[in-house]
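Trainee: Could you take me through one part of this structure closely, starting at the ligand and working outward? I would like the terms explained as they come up.

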Amino acid sequence: MSQERVYNFSAGPSMLPLEVLERAGSEITNYQGSGMSVMEMSHRSKAFLKIFDDTQAKLRKLMKVPENYKILFLQGGASTQFSAVPLNLIGKSGKADYAVTGNFSNLAYKEAQKYGTISLAASSEDKNHTYIPAQDQLKLDPEASYFYYCANNTIYGTEWQYIPETGSVPLVCDMSSDILSRPVDVSRYGVIFAGAQKNMAPAGLTVVIVREDLAGRELPFTPKMLGYQIMIDKDSMYNTPPCWCIYMLGLVLDWLEGQGGVEGMEAIKHRKAQMLYDVIDSSKHFTCAAEKGSRSDMNVTFRSDSEELDAKFVSEAAAAGFTNLKGHRSVGGMRASIYNAMPAEGVEKLCGFLRAFDQKN
Ligand code: PMP
């Protein structure tokens with residue numbers, strides 16, 4: 001890592017692999033002899049269409065996306081999918097089940113209520129979202145058009161360690177903050193979506209993976225831009241797609257392949273998270289916010305025994321080159337977001353800093 005870069009523990013947008021940034025930098029004014037930047041290319045040009053197709057194919061290969069699923073590269077962020085999901089899918093029965101395990105699933109749950117009868121299949125609000133409900137705690141409606149959950153709760157630092165079993169009810173999952181960090185059996189899902197700005201690319205791209213037979217049943221007043229079928233028919237190019245971000249995703253996927261793909265990344269990310277959790281668990285001042293068994297490997301939430309010590313930790317850490325460790329206001333304390341691009345060395349050094357801080361204070 002070059003001297004002036006910090007270890008950035010931001011929840012997103014967050015670190016990108018250095019070699020990806022360097023490669024993008026080397027091509028920024030003249031992409032492979034085209035005489036122009038990818039940012040300046042027509043999305044209909046041959047050069048860009050190759051980038052687009054290659055990126056889609058790489059994602060399909062790495063995530064083992066089955067043929068009957070379409071991969072869409074859209075704009076609007078993950079939040080736009082909070083509306084698009086019910087608009088496209090709720091028509092089947094007018095009902096849907098939602099598991100609320102944090103801030104973003106709660107926002108999705110509230111948004112969906114505009115479009116149908118939404119049931120709270122599970123909630124972890126009783127313990128400030130410090131845990132993930134177990135399968136036998138899910139209240140499932142066999143007539144629901146879909147079951148919705150968020151795989152990793154970015155703010156609270158919890159992560160589903162199992163795929164909910166919902167029979168024939170399609171699963172819809174917000175994977176914004178843990179996509180590509182572990183293998184996922186895509187065939188278990190109806191729709192997977194993710195904002196790119198954590199594990200995939202710069203902000204501005206939303207990846208949606210949709211089982212083909214679920215598209216084409218949108219409510220009649222669905223805005224054209226939110227319809228899955230139109231975006232499938234136009235291969236994400238009903239309008240201008242987020243070209244630069246798609247190119248960057250392609251570079252990130254090349255890097256990920258070099259890490260052993262999602263299988264390789266699973267081992268790497270788990271080792272990094274375990275190292276940090278072990279140091280927190282064995283410290284005298286720090287405790288984890290999330291319950292064991294529900295802890296996220298992407299966002300590690302923890303606190304000391306006082307708010308003053310938390311503030312001191314965050315400020316001394318920043319001075320030592322570990323930035324963005326302040327926790328979200330709804331949890332307090334600290335949060336270390338250690339997505340795929342955070343080098344193991346960054347986590348090792350943070351662990352050393354944490355241990356020294358714990359002993360000194
Ligand atoms: N879902 C999750 C799990 C998130 O972490 C975020 C943003 N941090 C969102 C949804 C919202 O994403 P966007 O800002 O792309 O709309």
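Mentor: What follows goes from the ligand to the strands and residues around the site.

This is a predicted model, in which local features need pLDDT of at least 70 and side-chain atom pairs count only at pLDDT 80 or more, while totals for chains, interfaces and linings use all residues. Residues are numbered from 1 along each chain as its sequence is written, and side-chain values use heavy atoms, with hydrogens and water left out.

Start with the ligand. It is surrounded by 13 residues, the closest being Ser79, Thr154, Asp174, Gln197 and Lys198; a residue is counted here if one of its heavy atoms lies within 4 Å of the molecule. By type, the shell divides into 4 nonpolar, 7 polar and 2 charged residues. In this division Ala, Val, Leu, Ile, Met, Phe, Trp, Tyr, Cys and Pro are nonpolar, Asp, Glu, Lys and Arg are charged, and the others, Gly among them, are polar. Helix H3 (residues 77-89) gives the largest share of the shell, 4 residues. Helices (H or I, at least four residues) and strands (E, at least two) are DSSP runs, numbered from the N terminus.

Three side chains have an N or O atom facing a ligand atom at a listed distance. For Thr154 the partner is a ligand oxygen at 2.5 Å, for Gln197 a ligand oxygen at 2.9 Å, and for Lys198 a ligand nitrogen at 2.8 Å. Taken alone, the ligand exposes 400 Å², and the protein buries 83% of that; such areas come from the Shrake-Rupley method with a 1.4 Å probe.

Asp174, one of the closest residues to the ligand, belongs to strand S8 (residues 171-174). Both faces of S8 are covered: Leu171 and Cys173 on one side, and Val172 and Asp174 on the other, are all buried. Buried means under 20% relative accessible area, exposed means over 50%, and partly exposed lies in between (1.4 Å probe, protein chains only). S8 runs parallel to strand S5 (residues 147-150), joined to it by 4 bridges, and Phe147 has Leu171 as its bridge partner in S8. S8 is also parallel to strand S9 (residues 191-195), with 3 bridges, and Cys173 is partnered with Ile192 in S9. Two strands pair if DSSP finds at least two bridges between them.

Thr154 leads to another strand, as it is in contact with Asn299, which is placed in strand S12. Contact means heavy atoms within 4.5 Å. Asn299 is buried, with a relative accessible area of 0%. Leaving aside neighbours within four places in sequence, its contacts also include Asn152, Ser177, Tyr277 and Tyr339. With Tyr339 there is a side-chain to side-chain polar contact at 3.0 Å. A polar contact is a pair of N or O atoms within 3.5 Å; within protein, one must be able to donate a hydrogen and the other to accept it, and residues adjacent in sequence count only if both atoms are side-chain atoms.

S12 belongs to an open antiparallel sheet of 3 strands, in the order S11-S12-S14. Its edge strands are S11 and S14 (334-337), each pairing on one side only. S11 and S12 (residues 299-303) are joined by 2 bridges, and Thr287 stands opposite Arg303 in S12.

Arg303 is also touched by His285, a residue in the loop between helix H7 (261-281) and strand S11 (287-288). His285 is buried, at 15% relative accessible area, and its side chain reaches the backbone oxygen of Asn361 at 2.8 Å.
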